[in-house]
Amino acid sequence: MSVEIKLGKVLLVGAGPGPVDLMTVRAVRAVESAQALLYDALCSEEAIALAPAGCVRIQTGKRAGKPSMKQDEINRLMLRLARKGLKVVRLKGGDPSIFGRVGEEAAFLKGFGVETEVVPGVTAACAAAAQFGFPLTHRGEARRVVFTTARLEAGKLSGDWSAAADPEATLAVYMGGAVAGDLARGMIEAGRPADTPAVAIEKAGGAEARLYPATLATLAERIAEAGDGPLLIVVGEVAAFATANSMSQVERRAFG
Ligand SMILES: C[S@@+](CC[C@H](N)C(=O)[O-])C[C@H]1O[C@@H](n2cnc3c(N)ncnc32)[C@H](O)[C@@H]1O
């Protein structure tokens, strides 16, 4: 007699930028019905608190001095929990498809026959744009948006920055704070004027969000004032629309 093992399902869920009212209804329902919750460092306490009392909660990202779990470890853990027949929610900050490794995790689980479902979330760029009153596209000024990241390889900005040369491109740069100076230089070398508007937004989406208006020439200097929260950089004409508004509780700063 063969015993059929019922595999659980893994939902790869975007928690948005922090506040639960910026989560989708589907994401909230997923967390509220989770039997196991694996959450990353960017997920807010509020979002984690939606999980029911009996849910197994596992932190996978760096928090309060604890190191991050390795990707391979996270994959194997999700598989183990799904093999126990549990409904597993893998909760990620923002949208899981934007620098969220959703492709790798879904492919790994599918390779073992585990069903997955992706629930989208509000990515940091959209949260920042809404909160600080700037659009990501704008008729006649910005006709494409590039979601990108910036890192150095052998001391040089890696990747192809030719998109930066398009005066009508908005660049939303994730994980670029530490290399802001190289990033700005790279964009100027690619053909973007040094006075191109740029903003950095720290902790976008929540009440503690801060806006650092700049230009490519002053971006690194402005970012030096930022704290250690997650930081997004937006470069392009649309950045000139950004204003610290009443939602953000920060003072308005001068551009440049
Ligand atoms: C691994 S990526 C994850 C992005 C996430 N999946 C999203 O869609 O927003 C982490 C980076 O996203 C950016 N980020 C995420 N949340 C942010 C927030 N609330 N405010 C500003 N930047 C944020 C920062 O650049 C941070 O280093």
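In the predicted model, the shell around the ligand draws on both parts of the chain, with at least three residues from each of domain 1 (10-119) and domain 2 (124-241). The ligand is surrounded by 21 residues, of which Gly94, Thr123, Ala124, Ala204 and Pro230 are the closest. Classified by residue type, this shell comprises 12 nonpolar, six polar and three charged residues.

Pro230, one of the closest residues to the ligand, is located in the loop that connects helix 7 (219-223) with strand 12 (231-235). With 19 other C-beta atoms within 10 Å, Pro230 is classed as partly exposed, because burial requires 20 or more such atoms. Apart from neighbours within four places in sequence, the contacts of Pro230 are Leu42, Ala124 and Lys203. Ala124 thus appears both in this set of contacts and among the residues closest to the ligand. A further relation across the sequence links Pro230 to Gly177: the two residues are separated by 53 residues in sequence, and their C-alpha atoms are 8.7 Å apart.

The division of the chain into domain 1 (10-119) and domain 2 (124-241) also defines a contact between the two parts, to which domain 1 contributes nine residues and domain 2 contributes 10 residues. On the side of domain 1 that touches domain 2, six residues are nonpolar, three are polar and none is charged. The C-alpha centres of the two domains are separated by 28 Å.

An open sheet of five strands was identified, with the order 3-2-4-1-5 and parallel pairing. Strand 3 and strand 5 (116-119) form its edges, each pairing on one side only. On average, neighbouring strands of the sheet are turned by 15° against each other when direction is ignored. Strand 2 (residues 36-39) is joined by four bridges to strand 3 (residues 56-59), and the two run parallel. Four bridges also connect strand 2 to strand 4 (residues 88-92), again in parallel. Ala36 illustrates both pairings, as this residue stands opposite Val56 in strand 3 and opposite Val88 in strand 4. At the other edge of the sheet, strand 1 and strand 5 run parallel and are joined by four bridges; Leu12 has Val118 of strand 5 as its bridge partner.

Side chains in a regular strand alternate between the two faces of the sheet. In strand 2, Ala36 and Leu38 point one way, whereas Leu37 and Tyr39 point the other way. All four of these residues are buried.

Two helices lie across strands of this sheet. Helix 1 (residues 25-32) lies across strand 1, strand 2, strand 4 and strand 5, and runs at about 135° to strand 1. Helix 4 (residues 102-111) lies across strand 1, strand 4 and strand 5, and the angle at which it runs to strand 5 is about 160°.

Gly8 belongs to the segment before strand 1 (10-14). Residues distant in sequence approach this position: Gly8 and Gly85 are 77 residues apart along the chain, yet 3.9 Å separates their C-alpha atoms. With residues up to four places away in sequence not counted, Gly8 touches Leu81, Ala82, Lys84, Gly85, Leu86, Lys87 and Val88. Val88, one of these contacts, is also the residue of strand 4 that stands opposite Ala36. Gly8 is nevertheless partly exposed, as 18 other C-beta atoms lie within 10 Å.

Positive phi values were found for two residues that are not glycine. Arg101 has a phi of about 55° and occupies the loop between strand 4 and helix 4. This residue is partly exposed, since 17 other C-beta atoms lie within 10 Å. Ala154 has a positive phi of about 50° and is placed in the loop between strand 7 (152-153) and strand 8 (156-157). Ala154 counts as exposed because it has 5 C-beta neighbours inside 10 Å, the limit for this class being 12 or fewer.

Notes
Residues numbered from 1 in each chain as written. Predicted model: local features only at pLDDT ≥ 70, side-chain atom pairs only at ≥ 80, totals over all residues. Near = placed C-beta within 6 Å. Nonpolar A, V, L, I, M, F, W, Y, C, P; charged D, E, K, R; others polar. Domains from an automatic or database assignment. Contact = placed C-beta atoms within 7 Å. Pairing = 2+ DSSP bridges. Axes fitted to C-alpha atoms, helices over the stretch in contact; angles between N-to-C directions.
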